[in-house]
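Work through the exercises below with the sequence and the model side by side. Try each task before reading its solution.

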Amino acid sequence: MLILTVLTQVLGRTFSSSPVWTEELTRFALLYMVAFGAGLSLRSGDLVNVDVVCDSLPGRWPWRLRLVSTVMTAVLCGLLILPAWKYVSIGVMQTSPAMLLRMDFIHFTVFGLLVTLLLFATFRIYRMVFAGEDGKADIREELE
């Protein structure tokens, strides 16, 4: 959707003027892309990591720091879920200016991001504490 919307914007601006709704839809698509990708980024290690600092420490300190940071991520997400739901419920009373969409559909991205981050952080904590993993991100196989 994002590619098609941006292409519509570019073609519209090239030949005359782009439709008003394209900028709004582009923002909404970006929000959903980030919301769906945040938890998976935590899992794959594509979020910011400080492994250089952690891995230079002796003994079990790297494991402890990864556990603490993951627990802090989960706690923060858990604390923000109820306020995020309130934010979503406020959106019921609002509509977007160009597309006239109810804003609760857009505000849901914040709630979804927090839920996926909490879910994947909880999975990592479980694997570290009960399965004996080191807490490093899952290594993806690169396609050649």
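The exercises go from overall fold to core, surface and charge pairs.

This is a predicted model: local features need pLDDT of at least 70, side-chain atom pairs count only at pLDDT 80 or more, and totals for chains, interfaces and linings use all residues. Residues are numbered from 1 along each chain as its sequence is written, and side-chain values use heavy atoms, with hydrogens and water left out.

**Exercise 1. Describe the fold and the overall dimensions of the chain.**

Step 1: Take the secondary structure. Helices (H or I, at least four residues) and strands (E, at least two) are DSSP runs, numbered from the N terminus. The chain has five helices and zero strands. In sequence order the pattern reads α-α-α-α-α.

Step 2: Take the dimensions. The C-alpha trace spans about 65 × 40 × 20 Å along its principal axes. The radius of gyration is taken over C-alpha atoms, and the globule rule is 2.2 Å times the number of residues to the power 0.38. For 144 residues, a compact globule would come near 15 Å, but this chain has 20 Å.

Step 3: Take the contacts, meaning heavy atoms within 4.5 Å. Of the contacts with a separation of 6 or more, 62% join residues 24 or more positions apart.

**Exercise 2. Find the largest nonpolar core and the helices that build it.**

Step 1: Set the classes. Buried means under 20% relative accessible area, exposed over 50%, partly exposed in between (1.4 Å probe, protein chains only). Buried residues make up 30% of the 144 in the chain.

Step 2: Apply the core rule. A nonpolar core is a set of buried Ala, Val, Leu, Ile, Met, Phe, Trp, Tyr and Cys residues joined through side-chain atoms within 4.5 Å. The largest has twelve residues, among them Leu 42, Cys 77, Phe 111 and Ala 121. Helix H2 (21–44), H4 and helix H5 (104–130) each give two or more residues to this core.

Step 3: Check one member. Ala 121 touches Leu 42, Thr 70, Thr 73 and Ala 74, leaving aside residues up to four places away in sequence.

**Exercise 3. Is Gln 9 buried or exposed, and what does Gln 9 touch?**

Step 1: Locate Gln 9 in helix H1 (residues 2–15).

Step 2: Classify. Gln 9 is buried, because its relative accessible area is 11%.

Step 3: List the contacts. Beyond residues up to four places away in sequence, Gln 9 touches Ser 18, Thr 22, Glu 23 and Thr 26.

**Exercise 4. Locate the three salt bridges.**

Step 1: Apply the rule. A salt bridge is a side-chain nitrogen of Lys or Arg within 4 Å of a carboxyl oxygen of Asp or Glu. The count comes to three.

Step 2: Start with Arg 27 and Glu 23, which meet at 2.7 Å, N to O. They lie four residues apart in helix H2, so about one helical turn separates them. Arg 27 is exposed at 52% relative accessible area. Glu 23 is partly exposed at 39%.

Step 3: Go on to Arg 102 and Asp 104, with the closest N and O atoms 2.6 Å apart. Arg 102 is partly exposed at 39%, whereas Asp 104 is buried at 10%.

Step 4: Finish with Glu 133 and Arg 127, with the closest N and O atoms 3.0 Å apart. Glu 133 is partly exposed, with a relative accessible area of 32%.
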